[in-house]
Amino acid sequence: MKIIQSTINMPLDRQSLSDANGSIAVHQTGSFWKKMSAYIGPGLMVAVGYMDPGNWATDIAGGARFGYTLLSVILISNLFAMLLQHLSLKLGIATGMDLAQACREYFPKKVAVGLWILAEIAIAACDLAEVLGSAIALNLLFHIPLSVGVVITTLDVLLILYFQNKGFRVLESIVGGLIAIVLMCFVYEVIVSNPEWSAVAGGLIPQKQVITNPGMLYVAIGILGATVMPHNLYLHSSIIQTRAYERTEEGRKSAIRFATIDSTASLSIAFFINAAILILAAATFHTTGNQQVADITDAHHLLDPLLGSRWASVLFAVALLAAGQNATITGTMAGQIVMEGFLNLQMKPWVRQLFTRLIAIIPALFVAINYGEHGTSELLVFSQVVLSVQLSFAVIPLILFTNKSDWMGRFVNSRLLSTISWTIAAIIVALNVYLLVDTFK
């Protein structure tokens, strides 16, 4: 069986994640599954961002307040995500640049620096959600004070650096294992919550009231803002280049095909987990009159007595901790990609991670000490608002670049794909503007 090694001809300073670029062998011949096996991994790392602790609060609130109705919003958000991640991986494979490098290449320096600052703010907000999610999980599992839990999360830096040195496949395996833990926990939660499956199926169909009911619309926009993560677009366009596909038209065509399958399948898992959180909240809280439940801690405390299972709350917290740790790995890598791509500046990983983590820890520690559980829940929601601000500044350049025929060649977006992509961008921009105006008015 012939294995293709990297044929990159780009200068080393242009290679995204130069240490890992083209490091994972790809089978040129053999069955579909043997070829596919080389591409399994990047999609899972991207899917982490769609099930991180920032998503949990919006999904819980949506299910508790409105039952299964907002399942359609989770479904539509995931379909948006599948298309945008396809564009992201296609940009990386077709051009050999990640999204950050493409922004540096295309935009004037001042614009590129502005986009870099916004991307760094988004990554810090994402890291804030990871810190808070992990701290809340430690508190729920081991009764560790939130402030101490926030400090403990600094140890993530050492763990991530250790596993990064073991190779990219090791990181992907860890991420996949943690996703499996989250998935198994929620399979159990959904089974014991015994939802009304006909209502679940009905919830997947968009309802007019999602638009006409202001309260429902607000939560729906929050779900969208928490689902489509801007840093994932930078991440995916880079990590897909760790595969040593042939840097020829046919090699890139094959890579785009297999990478899209990997991405779509992984985001389907993320859809199930997000949907499971909402289904759990709807079946457990909405149907029992506990519609006021809106944060992670309240949900955890009520699961056992309402479901009559002593494992429900434990597995809920375990899943939260696994999701938080997973998001730390991918958030760290996204930070490295953004800084190197926008500034062509390589920083030692431990310095980069420590810098980002301190930005997140300072406000998290302040709120945990002074405002406790309620304050951390509000800060978690606020982090998603910050992410929604930056989303448009990642989506619009991505669509712009994948529409450039001189960059993409035969892989340029078709007219239909371009129309759909710009429509999605317009919807995201409009809904996030509405969310921001409503939040700060």
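This is a short tour of aromatic rings, and of charges that sit over some of them, in a predicted model.

**What to look for**
Two things matter at each stop: a pair of aromatic rings is described by the distance of the centres and the angle of the planes. The count for this structure comes to twelve aromatic pairs.

**Stop 1: Tyr39 and Phe258**
Select Tyr39 and Phe258 together. Their rings form a stacked pair, 5.6 Å centre to centre with 15 degrees between the planes. The angle falls under 30 degrees, so the pair counts as stacked. Now colour the chain by sequence and see where the partners come from. Tyr39 lies in the loop between helix 1 (32–37) and helix 2 (42–47), while Phe258 belongs to helix 14 (residues 249–284), so the pair ties together parts that are 219 residues apart in sequence. Are these rings buried or exposed? Tyr39 is buried, at 2% relative accessibility, and Phe258 is buried too, at 2%.

**Stop 2: Tyr106 and Phe107**
Next, select Tyr106 and Phe107. Their ring centres are 5.0 Å apart and their planes meet at 85 degrees, so this pair is edge-to-face. Turn on the surface at Tyr106: this residue is partly exposed, with a relative accessible area of 38%.

**Stop 3: the cluster**
Go back to Tyr39 and Phe258 and add Phe32 and Trp33 to the selection. These four residues form one aromatic cluster.

**Stop 4: charges over rings**
Keep Phe258 in view and add Arg257. The charged end of Arg257 sits over the ring of Phe258, 5.0 Å from its centre. Finally, select Arg247 and Tyr245: Arg247 lies over the face of Tyr245, 3.7 Å from the ring centre.

How values were computed: Residues are numbered from 1 along each chain as its sequence is written. This is a predicted model: local features need pLDDT of at least 70, side-chain atom pairs count only at pLDDT 80 or more; totals for chains, interfaces and linings use all residues. Side-chain values use heavy atoms; hydrogens and water are left out. Rings of Phe, Tyr and Trp (its six-membered ring) pair if their centres lie within 6.5 Å; planes under 30 degrees apart count as stacked, over 60 as edge-to-face and the rest as tilted. Helices (H or I, at least four residues) and strands (E, at least two) are DSSP runs, numbered from the N terminus. Buried means under 20% relative accessible area, exposed over 50%, partly exposed in between (1.4 Å probe, protein chains only). A charge sits over a ring if NZ of Lys or CZ of Arg is within 6 Å of the ring centre and within 35 degrees of the ring normal.
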